[in-house]
Every structure is written in C-alpha cells, then in structure tokens.
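Reader: Hi! I would love a close look at the cysteines here, and at why they do or do not form disulfides. Could you walk me through that part slowly?

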Amino acid sequence: MLFLFSVYLIGSVGLLIAGIVEQRRHYANLHAIPQRVLVNGIRGKSSITRLCAGALRGGGLTTVAKTTGTAARFIHPDATEEPVYRKFGIANVVEQIGIVRRAAVYRPDALVIECMAVMPALQEVNQTKLIRSTIGVLCNVREDHLAEMGPTLDDVARSLCRSMPVGGICVTAEKERFGILQKEAAARNCELIYADPETVTDEELRGFSWFTFKENVAIALAVAELLGVDRKTALQGMYDAPPDPGVLSVEKYRTPQGGRLRFANVFAANDPESTLMNVNQLLGLGAIHRPLNVVINCRPDRVERNGQMGQIVPDLAPDTVFLIGHPTKSARDGIPSDWAGRVIDLGGDDRDADALTADLLAALGPDSSLVAVGNIHGQGEHLLKRLAQLPPADAATVIPAQRTRSTDPGDNDQ
C-alpha cells in the first residue's frame, strides 16, 4: 500500500513539474510575440481575423494569424495558409498552445487569432492563460449560443467581455450594447474603442473582390491604426488578403429545365439577424433578385433555430419556401399560417438527395433566385454538392459588396 502511494505521489509531482515547465515555455512563446490580437464575437470573427492580418502585413509587420471558421487555418507571414490539424477532427481550445508555439518560431510582430471558445469560463481561460492578448476585438453581439452564454443578449454581451484584456485595449463595432461593453471594460481597466462603420466609405468597400461588412473593415482599420499602420496602407493589405473559405458568394446556374438560377449560400449566417442582413444586402446590390425562393435546412439538434428561420419568412417575403432536413416540422411551425400556401416540404434526411434537388429545381421559375438558410449540415451539404454540378449560366462570380457580414461557419455547429 505504501508502495502504491509512493508511486502515486511521485507521478503527481512529476505531472505538476511537467505542467509548470509547459506553462513557462508557453509564456515565453507569448512574450516572443509583442502584439497579440484576440478576435471574439458572434459573427464575422474569421473575416475580421483575416482583415486584421492583411492590414498589418500591408504595413510591413510580420504577422501570423489563425482562424477557426468554415475551415480552421494557420496563416503564415507571407499569407500562405494550411489547415489546422485536429486529432479525430475535434476542436479544443488547448490547440491554441500549439498555434502560439508555431507562431513564435517566426518571431513575428503580431499574432491575430480567433477565439474558439463558446463557454464563458473557457473564453476567460483562452484570454488569461492561452493568448494574453494586448488588443482584444469584440466584433458584435448576436442571437446565438444562448444556451451557453444567454439566456438574453445582454448576458451574451457580458459573456463575450470575459475575453477582454485586463489593462489592455478592446475594439468593437457593437453599437446597441456598447454601454454594457463599456461597463465591463471599465471593470477590467480596459480601454474600449468604438470602430464606427460609417467611417468606411462605399468607395473603400469597392476595393474588395469578396463580401465583407463595413463593421468588419472599420474594426480592422482601428486595429491597424493602434499598431501604427496608416489607413491607405492597411486597406491595400486587406484588399490583398485571401478571403475565408466561407465567404459569401452568388453562383449562377442553368437548371435542367433550361432556366437561370442565382444561388446564394447563406447557411453560415446561422442566426436570424445575420441571415436577414445578408439577404437584404444581396437584394440591394442586385446580386440576387425576385422572384426569390428560400430553402431552410433543419437539424434535429437545432430545433429552436429551425423555428427562428421559419419566423423570418415574412421578412424575407419569398415566393416559395422549401423545407429540407429533419425535423422540417420545427421550421414549418415557425412560419406564420398565412404563408402556409407557399411552403413545400421536400422531406427529411432519409430523402434521396438527387430526387430532392430535382424536385426543388423543377418548382423554380425560368429566372429566379434561391437562398439557402439555416444550417449547412445534413441535407444542406447534399444540396450544395448537387447544385455545384449544374452547368453555369455564365461565369460564376463572387459579388463585390457594398456591405455584408462575413459569417463564422465555424459557429455553424457553425
């Protein structure tokens, strides 16, 4: 018994020493990176991470970045990138330690890294133990992850604030709950800076070949200014930055019936507010047009979200609403009864994807638009794959935008 206790004690001491050594090594790697920018919020984190990194690279700063969106990426100082390897494909905040270690090898001026924690306690650990950012970004507060950070949007705002750097600086474009963020920042002796989207001109946005919001650009410009990069240089760096794989685009297809179809994948928006913002911007730009059709993909573990997508149908005012995935009833119950005549239920996850896609395309007009909303997993992925096999009406293009929200499919869990 004494022997077993001795083995247990020695093993415990060994683990403690190893932990201390690893912690000190990690802190040494952090100290090798003078500026660390941690990007948090509900929507747009991946795009903002890329914009900030591009702006800083444009200013001549050696910059490493890491995103956690549609596909997690490690972005080298020369803007080349590679997927982040995850054992068994499972994301864990501890992977940030390895990212910092890889980044420190470059002896960079800055690391821009996306927050990958959802639980408030883990957001705080991510900041205080793993990244220790000098500049925080809190892009926005949206209706998502309410089970973990809610139940109210005010609670979500306070939860996100746990990633603010104590004694540091935080940049935000969140206007509606700026007062809450300000109180939380003051409690942490953190300077809160509001990045005003209206300072970004339409002309400046036209320089992008991909979709992004003025809010995202304003945040990146504010971060660049804090690190000594002038506006013109920062913007050029952002123009040159590669977009996130989940960037919003509009594809133009020719249907089997000979019709023309403009298709917008808005799955990654994932929450009602962002979904409406994306669709309205696309309509405003003429990237899509009416007659407008909407397909809502449902997931069994997102029943509440399915219903929320149904509830915004009157705001979208589509000609037809297609329901796919499972359970479609959860979305149908959210659609007001006076819209019932425009709903076509194409069945659940057990429906053959080829037959489902064929039925959907057959119900479209000769020249119409289709917007996919909800959540991508399941039948949504099958639908995208089938649509991508359609012949292009002409060259499929990414539409330059005046305004849009680049979404975080990484939050499309998503």
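Author: Cys52 is buried, with a relative accessible area of 0%; buried means under 20% of that area, exposed means over 50%, and partly exposed lies in between, using a 1.4 Å probe on protein chains only. Cys161 is likewise counted as buried, at 0% relative accessibility.

Before going on, note that this is a predicted model, where local features need pLDDT of at least 70, side-chain atom pairs count only at pLDDT 80 or more, and totals for chains, interfaces and linings use all residues. Residues are numbered from 1 along each chain as its sequence is written, and side-chain values use heavy atoms, leaving out hydrogens and water.

Now to your cysteines. A disulfide is a covalent bond between the sulfur atoms of two cysteines; here a pair counts when the sulfur atoms are within 2.5 Å. The structure holds zero disulfides. Why does Cys52 have no such bond? Its closest cysteine sulfur belongs to Cys139 and is 9.9 Å away, so the two are too far apart for a bond. For Cys161, the closest cysteine sulfur is in Cys170, at 7.1 Å, and that is also too far for a bond.

How confident is the predictor overall? pLDDT is its confidence in each residue, from 0 to 100. The protein chain has a mean pLDDT of 88, and 91% of its residues reach 70 or more. Residues 395–414, however, stay under 50.

Key: pLDDT is the predictor's confidence in each residue, from 0 to 100. Contact means heavy atoms within 4.5 Å.
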